[in-house]
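Here is a friendly tour of the structure shown below. Keep the 3D view open and follow along, one topic at a time.

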Amino acid sequence: MDQTHIRNFCLLAHIDHGKSTLADRLLELTDTIPARQMTEQVLDSMELEREKGVTIKASAVRMRYTATDGEEYELNLIDTPGHVDFSYEVSRALAACEGALLVVDAAQGIEAQTLANLYLALEADLEIVPVVNKIDLASARPDEVALELAELLGVEPHEVLRVSAKEGWGIEQVLKAVVTRLPPPRGDPNAPLRALIFDSHYDPYKGVVAYVRVVDGVLVQEEPLLLMATGAETEPIEVGIFTPEMNPTERLNAGEVGYVATGLKTVRECHVGDTLTSALHPASEPLPGYRPVKPMVFAGLYPVVNEDYNSLRSALEKLQLNDAALVFEPETSQALQFGFRCGFLGLFHMEIVQERLEREYGLDLIATAPSVAYQVVTRSGEIVEVASPADLPDPAIIEEIREPWMRIQVFTPADYIGPVMELITRRRGIYRTTEYLDSQRVVLTYEMPLSEMIVDLHDRLKSATRGYASLDYTFDGYRPGDLVRMDILVNKQPVDALALIVHRDQAYEKGSRLVRKMKEVIPRQLFKVPIQAAVGGRIVARATVSALRKDVLAKCYGGDVTRKRKLLERQKAGKKRLKQFGRVVIPQDAFLAVLRLDED
Amino acid sequence: MTIHKPAALYMHIPFCRSRCAYCDFNTYAGLEELIPAYVTAVCREIEVAGERWGRLTVPTIYFGGGTPSLLPLDLVRELFQVARSRFYVSDDAEITLEANPGTVTVGYLRGLRSLGVNRLSLGVQSAHDDELRLLGRIHTWAEAVEAVEWAREAGFANLNLDLIFGLPAQTLARWHQTLEAALRLSPEHLSLYCLSVEEGTPLERRIASGALPAADEDLAAEMYELAEEMLAEAGYFHYEISNWAKANPKSQIPNYKPQKWWPEPETRSLKHETLSEEVSPYVCRHNLTYWRNEPWLGVGAGAHSWLGGRRWANVRHPREYIAACGTSCQLVPHQEVEEIDRRKEMGETMMLGLRLAEGVRDTRFQARFGRGLEQVFGAELAELQDLGLLEWNGRVTRLTARGRLVGNYVFAHFV
């Protein structure tokens, strides 16, 4: 198909504003998927995605659409991940499009993510078509919301589409707008091949499948390919399009979206954002915007029962096939024994990985509190990377500890500037600038240590602004800090997996909150259990879990025997799933207590 | 099939005037018109069981409920007649009937006594009328006292009182008063149950909604310890976690010692391995059958049985039960049947036996399973002994005073 008849676009929406339902209707109306085969939210194929209502992997699907002018168009809908942990992946998916449908709930109106998405789309230079969805709701205010959107985008209110994806109202209009209002791709079909990789997945039969947007030239199956960032060369096994199943086509022309079964063995050789070109006639310059993925957050994952160690390793290996951002290496802890130190893009990514390991692989895991990677400069001038507080060298040989700092941007309604500033300042944030986007909306720019960010900043920000603020961040560099290791002692024994690195000024305050929180989550045991926080051998905080006084069934007669035995069996099985430290049982929640210090 | 095999006989009478706020047993209010048909069905089940199991020797019979004292005397007689015609009911059989104050008269109690009932268990629960109302009981404390007097008048020389502690908002002082009031009635036996708030009961809903405070577990532990102290002083033998029996005057109950619940070996009057019956003639022999994990046959709606290596339960609803017994089928349809293998039986023997002050004896365990306690549970016994929760001297094992309060923790090691 020539480029004038191609449209590449994505759907952008705040969570629950109906993005997936609208995608389903578009697929239905273009007969890409007949209504009777429709499962809800076709594009979110992972069970977790449907449950969390958040797209984790990008996906793409080609639709054929005959417009009112009788011409047939090729529409490529690219679905994007919906979480700030994946903002780089989102930016690459957007770079594969020319336009975006900005979907807003007719009852809720514009929200934080609507704006954050809009800025991303504008940065990617996309043409925007605003869509008000859910106009069927009794509480819908389509006129008002359309006006807000029109003002925001500088368009006429009548240019805002009004639909109900649920009821199927106005879907035809949407397709019409995609064809008439979004521009066609403008690549050079005769230039050397340049195709943008915006996602990939691992297929057990075809190896790594790269999701690509051909910008210039033609991608054909016969020609060997070069990945410009990694330098990997490969013979493609198959080239095709998503309908949404993989459908071989042998070639992809300039402007088209599809896939290449690369024959590569791991997704780590196939980075999102990399440029595919011909190994024989390579392009001189890669496409702009590539950034290697770098895990930002680290945590130990340990099997509750040691026998699961090998299963955990093989499960991590399998997940890694599909997840280039996940890294892991073996780690040993005195308390938790054998496990893996894993690196993630952020806390959400960590949560997803942990849940998939537990659900899809049936593993019982203990996750330690997430940490960032510190740089330790020793007296001898050596720089050591430390991703686990337990690995911090002897303070005597430490010259300096450096921690990663981020540049963060908070988008918030002006009304919430106060609470946002307070929250960020308390977390060692350094104020930089305030910019007014309009009279109501501001962007606050700060620098802050990553370690302060990973502990729940996103959720805290949401609750400080009634869900309105959104957050974007980029890595800024390593800076020295007055950092110390805080040990946590349970029943007088230090538990290495509970150790954390904190700023000296915060040690007392954090220690007190932490031991109090742990006291809440460690169940009462047969004897009282002191919990202490210590810095450099000095106790800075202490709390005590009082002893269990009473746990016995008052009655046990003939009719009770089976039921009570089963109850005890469950109690015993439940205990097996908890880690035992000497005689103390420490549940998973205690390891993550540090994440909840701000709760009261 | 062995003939004359012993088995305790339990008869379930699931009817009540009204259901108590905490009750999650298989009981029904407002179905009293089913009683005659129900008794006919139970008789039929006894006949069928007699055919299935042969003439069992029955050392104890227990009418439990529900409220068995709602049964008219002629129906109680009918049940006895059938039981005696199918089983060997021992001459000295212990025959208990549970009764609720407010449902009995002195004449009725005399009738029971003359039919052979020799142990009466009265659900008096509390000496405070506001607590009785909270529990949804249909009687007052005055009525409970009256029922006790009538029972004595009718000739009952073996009387149990049920009490409940650990109620929402109950204080230690109020519990003390209840205990004192109960002791003034000089019952031969006391069952003290810590209230457990069961799912789906009105009490649970009221606590969940915030209308009532949840009971304080630590306070309940103190109440338990208070009871242990007071009852030991009053000459009661604490022979099971929730049960006390007036000690044999000749057996000289030792002084209360907070760390031991069994007479110290040095008191000499008692051997370390004495059985419960030797310390008190008033221990409930029927219930000892359960705790020693010996066989029993349960008849009636929802009743459980433990015979021939399996445990089963009858259909729960009295209507279904009546219908099932009325058809020509040979056995009442069982709702759940569980085969108990060796390992499970050992675990249950520990779970039940450790509830008793007499504990689990190695000789009995060996005789039953062919392997000794040390061999099967050596590691568990050592660990729990080390934690101060069990005594274990190579011949007998039992809970310590601390262990009694955290029995579940101990039992979970054996199941």
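Asp143(A) and Glu151(A) are exposed on one side of helix H5 of chain A, while Val145(A), Ala146(A), Leu149(A) and Ala150(A) of H5(A) are buried. Please bear in mind that this is a predicted model, with an ipTM of 0.89 and a pTM of 0.69.

**Helix H5 of chain A**

- H5(A) covers residues 142-153, and its 12 residues reach 16 Å from the first C-alpha to the last, close to the 16 Å expected at 1.5 Å a residue.
- Why do the buried residues of H5(A) line one face of the helix? Seen down the axis of H5(A), they fall within an arc of 140°, so one face of the helix is lined by them.
- This fits a general rule: an α-helix has 3.6 residues a turn, so residues three or four places apart point the same way.
- Strand S4 (99-105), strand S5 (127-133) and strand S6 (161-162) of chain A are included in what covers the buried residues of H5(A).
- After H5(A) comes Gly154(A), which has a positive phi, near 70°.

**Chain A and the loop residue Leu182(A)**

- Chain A contains 14 helices and 33 strands.
- Of the 600 residues in chain A, 57% are buried.
- Among contacts in chain A with a separation of 6 or more, 69% are between residues 24 or more positions apart.
- Leu182(A) sits in the loop between helix H6 (171-181) and strand S7 (194-203) of chain A.
- Is Leu182(A) buried or exposed? Leu182(A) has a relative accessible area of 3%, which is under 20%, so Leu182(A) is buried.
- Outside its neighbours within four places in sequence, Leu182(A) is in contact with Arg7(A), Phe9(A), Gly99(A), Ala100(A), Glu127(A), Val129(A) and Ala177(A).
- One of these partners, Phe9(A), is 173 residues from Leu182(A) in sequence, yet their C-alpha atoms are 8.1 Å apart in space.

**Chain B and helix H6**

- Chain B has 16 helices and 17 strands.
- In chain B, 59% of the 415 residues are buried.
- Contacts between residues 24 or more positions apart make up 71% of those in chain B with a separation of 6 or more.
- Glu180(B) belongs to helix H6 (residues 172-184) of chain B.
- With a relative accessible area of 37%, Glu180(B) lies between the 20% and 50% limits and is therefore partly exposed.
- The C-alpha atoms of Glu180(B) and Ala127(B) are separated by 9.0 Å, with their positions 53 residues apart along the chain.

**Nonpolar cores**

- Which residues have the most contacts inside the largest nonpolar core? They are Met11(B), Leu120(B), Leu190(B) and Leu192(B), in a core of 141 residues.
- Helix H1 (residues 35-53) of chain B gives the most to this core, contributing 9 residues.
- Leu192(B) has contacts with Leu163(B), Phe165(B), Trp175(B), Leu179(B), Ala227(B), Leu231(B), Ser242(B) and Trp244(B), leaving aside its neighbours within four places in sequence.
- Another core lies apart from the largest one and has 72 residues, among them Ala335(A), Ile501(A), Leu514(A) and Val545(A).

**Where the two chains meet**

- Chain A and chain B bury about 3200 Å² between them, and 55% of this is on carbon and sulfur atoms.
- On the chain A side, Leu526(A), Arg549(A) and Lys550(A) lose the most area to chain B, together 23% of what that side buries.
- How many residues does the contact take from each chain? Chain A gives 26 residues and chain B gives 40 residues.
- Asn408(B) is found in helix H16 (residues 407-411) of chain B, and Asn408(B) is buried, with a relative accessible area of 4%.
- Not counting residues up to four places away in sequence, Asn408(B) touches Asp551(A), Val552(A), Leu553(A), Leu568(A) and Gln571(A).

**Confidence in chain B**

- The mean pLDDT of chain B is 91, with 92% of its residues at 70 or more.
- Residues 253-260 of chain B have pLDDT below 50, and the model gives this stretch 15 contacts beyond near neighbours in sequence.
- Residues 262-270 of chain B also stay under 50 in pLDDT, and the model has 19 contacts for them beyond four places in sequence.

Key: Residues are numbered from 1 along each chain as its sequence is written. Chains are lettered from A and ligands numbered from 1 in the order in which they are written. This is a predicted model: local features need pLDDT of at least 70, side-chain atom pairs count only at pLDDT 80 or more; totals for chains, interfaces and linings use all residues. Side-chain values use heavy atoms; hydrogens and water are left out. Helices (H or I, at least four residues) and strands (E, at least two) are DSSP runs, numbered from the N terminus. The expected span of a helix is 1.5 Å times one less than its number of residues. Buried means under 20% relative accessible area, exposed over 50%, partly exposed in between (1.4 Å probe, protein chains only). The arc is that of the directions from the helix axis to the C-beta atoms. Contact means heavy atoms within 4.5 Å. A nonpolar core is a set of buried Ala, Val, Leu, Ile, Met, Phe, Trp, Tyr and Cys residues joined through side-chain atoms within 4.5 Å. pLDDT is the predictor's confidence in each residue, from 0 to 100. Buried area is the accessible area (1.4 Å probe) that two parts lose on being put together, summed over both.
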